[in-house]
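Work through the exercises below with the sequence and the model open beside you. Each task is followed by a solution that goes step by step.

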Amino acid sequence: MTKSKKNKPQLSHEEFEVSQAVAKRAAITRYPSPIKAKKNPMSKQEKIAFIADKFRDIMLALDLDLTDGSLARTPERVARMYVEEVFSGLDLNEFPRVSFIEDQYQHDERANMVLVKVKFHSFCEHHFVPMFGTAHVAYIPNGKLIGLSKIPRIVRFFARRPQVQERLGAQIADSLCTLMDTQDVAVSISAQHFCVIARGIEDENSHTITNVLRGAFDTHEALKNEFFEGVNRKYIQT
């Protein structure tokens, strides 16, 4: 006898948010950026004013004419860009709000690998020039799924600060391990660095690749191969 549709089990999509304590650990990670905490930190507007004043001195030292209409507001533009945009990830309060749903899509008693491709830009902390590239982030669900938009937000949170690529990958992986309560996480980053492109050796074709493999991605060859097949797959753009 065929069961009616009314008797079929309905999937639950109830969301669960992470606690503040877990979110804080995920924002700092075991590989923290060299951020010096202050007892009385400046407000955003105070930081903008301070940086603009110092950047004005830099421009004057370079013999630039700040009375020129094109340059007059550059110190403030740079300061605002630093505080509100490209270095906004220095503020732990900017860590994205994260929620989960229960993983009800396992098969053969095994969860499916989730792989997300994320474009990002950051700044080299050695020369304060841009680096940009692609992060492939994968995990094996441990009973819960994170919203797909949250992974790009996490990547960009850690990218929006002075960085080195090795730390960036480690922070993304460690943060996701903390949030997902699993060690089965992999991160592969391919990036171009303007400290290599625009100065020094001036190699426009240089790419730096770093990989972080944890848990089953490190110990199971089949899963590792599946991850890198996804990383190397050519995506068709329409």
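**Exercise 1.** Leaving aside neighbours within four places in sequence, find which residues T74 is in contact with, and decide whether T74 is buried or exposed.

Solution. Once the neighbours within four places in sequence are set aside, T74 is in contact with F55 and M59, where contact means heavy atoms within 4.5 Å. The relative accessible area of T74 is 17%, so T74 is buried (buried means under 20% relative accessible area, exposed over 50%, partly exposed in between, with a 1.4 Å probe and protein chains only). T74 belongs to helix α3, residues 74-86; helices (H or I, at least four residues) and strands (E, at least two) are DSSP runs numbered from the N terminus.

This is a predicted model, in which local features need pLDDT of at least 70 and side-chain atom pairs count only at pLDDT 80 or more, while totals for chains, interfaces and linings use all residues. Residues are numbered from 1 along each chain as its sequence is written, and side-chain values use heavy atoms, with hydrogens and water left out.

**Exercise 2.** Describe how helix α1 and helix α5 pack.

Solution. Two packed helices are described by the angle between their axes and the distance between the axes. For α1 (residues 20-28) and α5 (residues 165-180) the angle is about 165 degrees and the axes are 7 Å apart; axes are lines fitted to C-alpha atoms, for helices over the stretch in contact, and angles run from 0 to 180 degrees between N-to-C directions. The two helices are therefore roughly antiparallel (angles over 145 degrees count as such, under 35 as roughly parallel, 65 to 115 as roughly perpendicular and the rest as oblique). At the contact, V22, R25 and A26 in α1 meet S175, T178 and L179 in α5.

**Exercise 3.** Classify the ring pair F87 and F123, and then the pair F217 and F227.

Solution. Rings of Phe, Tyr and Trp (its six-membered ring) pair if their centres lie within 6.5 Å, with planes under 30 degrees apart counted as stacked, over 60 as edge-to-face and the rest as tilted. By this rule the count comes to ten aromatic pairs. For F87 and F123 the ring centres are 5.4 Å apart and the planes stand at 75 degrees, so this pair is edge-to-face. F87 lies in the loop between α3 and β2 (99-102) and F123 in strand β3 (residues 114-124), so the pair ties together parts 36 residues apart in sequence. F87 is buried at 9% relative accessibility, and F123 is buried with a relative accessible area of 11%. For F217 and F227 the centres are 5.8 Å apart and the planes are at 70 degrees, so that pair is edge-to-face.
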